[in-house]
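Student: Could you take me through one part of this model up close? I'd like to see how the packing works around it.

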Amino acid sequence: MTFLGVLLAAFAACVALRKPIYHHRKVLFAVTVAIDLAFVVGLTVGMPRALWEIFVVLVQKCTLALALFVVVMYIGVLPKDSKLHRWLDPIRGDLSIVACLLALGHMGLYLDVYAPVLMEAVGVKGNLVASFVVALVVFALLLVLGATSFVFVKKRMEKTFWKKVQRLAYPFFFLVYVHLMMILLPAAMSGAAKAQMSIAVYTAVFGVYAVLRVVRAVADRKTSAS
């Protein structure tokens with residue numbers, strides 16, 4: 001499955017490029033914005049087919065953004081004293097911002113495509129309306145989480161309030177999963193093997209995260225109590 005390949009590549013890149021990401025985050029953000037702009041150019045005036053196919057997979061289908069969000073999710077549930085957590089935690093916010101910026105390309109495209117259709121509400125299937133509503137909530141949470149992930153914004157917010165805002169990441173991740181299921185289930189129920197495989201993979205990824213999140217919460221409570 002394409003997503004698993006992108007996820008593994010994204011994780012490997014985060015581990016290998018941790019230092020340049022940490023020390024040159026502004027360059028990383030600029031490159032990400034450039035990718036979004038190139039995607040818009042490809043939509044409007046076109047680009048070489050081979051290059052466009054890469055943009056379709058990574059940006060239009062939101063595969064790279066989702067992979068980075070998953071990396072961010074799992075960094076948050078790693079044991080605090082583990083080498084991997086100590087290595088990646090300092091760039092967690094930067095990865096969140098990159099994922100948010102990349103997701104804007106995907107969301108902007110589909111909002112532009114489906115919003116006019118849904119406004120007319122003629123012959124529109126219920127699952128499409130429901131998935132669009134969920135997508136709007138995800139979009140709102142994305143903007144809040146993305147904006148508050150910037151270091152200069154974080155420094156200007158009261159620490160306790162900032163932590164409360166960041167807890168919106170949990171409903172965000174949950175609704176991302178719900179949105180994926182709404183998109184994939186109709187095809188999966190009609191027998192599409194690719195959709196069924198995608199559901200299995202996403203359910204495993206998000207399910208394991210949910211279990212690890214509970215384990216981490218229990219461990220943190222025991223540490224606080226002691």
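Tutor: Let's start at L95, keeping in mind that this is a predicted model. Setting aside neighbours within four places in sequence, L95 is in contact with C14, I21, L68, V71, V72 and I75. L95 is also one of the residues with the most contacts inside the largest nonpolar core, a set of 53 residues. Others on that list are F3, L68, F69, F172, F173 and F206. Which elements give two or more residues to this core? They are α1 (2-16), α5 (63-77), α7 (92-120), α8 (126-148), α11 (169-189) and α12 (193-225). As a general backdrop, nonpolar side chains tend to be buried together in soluble globular proteins.

Now follow C14 back into α1. Along that helix F3, V6, L7, A10 and C14 are buried. Looking down the axis of α1, you'd find the buried residues within an arc of 105 degrees, so they line one face of the helix. Over on the other side of α1, L8 and A16 are exposed. The length of α1 checks out too: 15 residues at 1.5 Å a residue should span 21 Å, and the end C-alpha atoms are 21 Å apart, which agrees.

I75, another contact of L95, leads somewhere else: I75 is also touched by H85. H85 sits in helix α6 (residues 83-88). Is H85 buried or exposed? Its relative accessibility is 10%, and buried means under 20%, so H85 counts as buried. Leaving out residues up to four places away in sequence, H85 also touches L78, P79, K80, P90 and R216.

Methods: Residues numbered from 1 in each chain as written. Predicted model: local features only at pLDDT ≥ 70, side-chain atom pairs only at ≥ 80, totals over all residues. Heavy atoms only, no water. Core = buried A, V, L, I, M, F, W, Y, C linked by side-chain atoms within 4.5 Å. Buried < 20%, exposed > 50% of the residue type's maximum accessible area, 1.4 Å probe, protein only. Helix = DSSP H or I, 4+ residues; strand = E, 2+ residues; numbered from the N terminus. Contact = heavy atoms within 4.5 Å. Expected span 1.5 Å × (residues − 1). Arc of directions from axis to C-beta.
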